[in-house]
Amino acid sequence: MASYTTIEDWQAVEARYVADVTIRQTTDEQYPCGWDHSFHLGRTDGTTILRYDNAHERSKGHERHTAEEVEPIEFPGLLDLYDRFTREAEEITSVSWNWPM
């Protein structure tokens, strides 16, 4: 049975935006990169603005979601992808999120 270790799992709400970050290290074969991750930025009404995830990594790889589209992306590594997400989220919202990582 695959193991999962939660590295980060938090949510923050600022100025009607929601940031939700989940990072789990795993041995699950569904995640060949060794990580189960979701970096989400949305509105408090439930609208997705930006999300990076690998929910279907085995079949679809890593993806970048916006309100308009879902596009496959190359996985640059977990920390590089997290940095990309935080930069984009701050540009989109003009909120200083005080990211925990």
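What follows looks at strand pairing and salt bridges in a predicted model.

The strands come first. Strand 2, which covers residues 17-26, runs antiparallel to strand 3, residues 35-43, and 9 bridges hold the pairing. Within that pairing, I23 has H37 of strand 3 as its bridge partner. Strand 3 also pairs with strand 4 (residues 48-53), again in the antiparallel sense, this time through 5 bridges. So strand 3 has strand 2 as one antiparallel partner and strand 4 as another. On the strand 4 side, S38 finds its bridge partner in D53. The hairpin made by strand 3 and strand 4 leaves 4 residues between the strands, and G46 there adopts a positive phi near 100 degrees.

Turning to charged side chains, the model contains 5 salt bridges. As a general matter, side chains of opposite charge can pair when their charged atoms come close. One of the salt bridges brings together D36 and R24, with an N to O distance of 2.4 Å. This pair ties together distant parts of the chain, since D36 sits in strand 3 and R24 in strand 2, 12 residues apart. The two strands concerned are the ones joined by 9 bridges. As for how far each partner is covered, D36 has a relative accessible area of 12%, so it falls under the 20% cut-off and is buried. R24, at 26%, is partly exposed because its value lies between 20% and 50%.

Another salt bridge links R64 to E71, whose closest N and O atoms are 3.4 Å apart. Here the arginine is the buried partner, as R64 has a relative accessibility of 16%. E71, for its part, is partly exposed at 28%.

Helix 2, which spans residues 78-93, has a salt bridge of its own: E88 and R84 both belong to this helix and are 4 residues apart, about one turn. The closest N and O atoms of E88 and R84 are separated by 3.3 Å. E88 is buried, with a relative accessible area of 15%, whereas R84 comes out as partly exposed at 29%. The helix pair does not stand alone, as salt bridges with shared partners connect R64, E71, R84 and E88 in one network. That network takes in the buried R64 and the buried E88, along with two partly exposed members, E71 and R84.

Conventions: Residues numbered from 1 in each chain as written. Predicted model: local features only at pLDDT ≥ 70, side-chain atom pairs only at ≥ 80, totals over all residues. Heavy atoms only, no water. Salt bridge = Lys/Arg side-chain N within 4 Å of Asp/Glu carboxyl O. Buried < 20%, exposed > 50% of the residue type's maximum accessible area, 1.4 Å probe, protein only.
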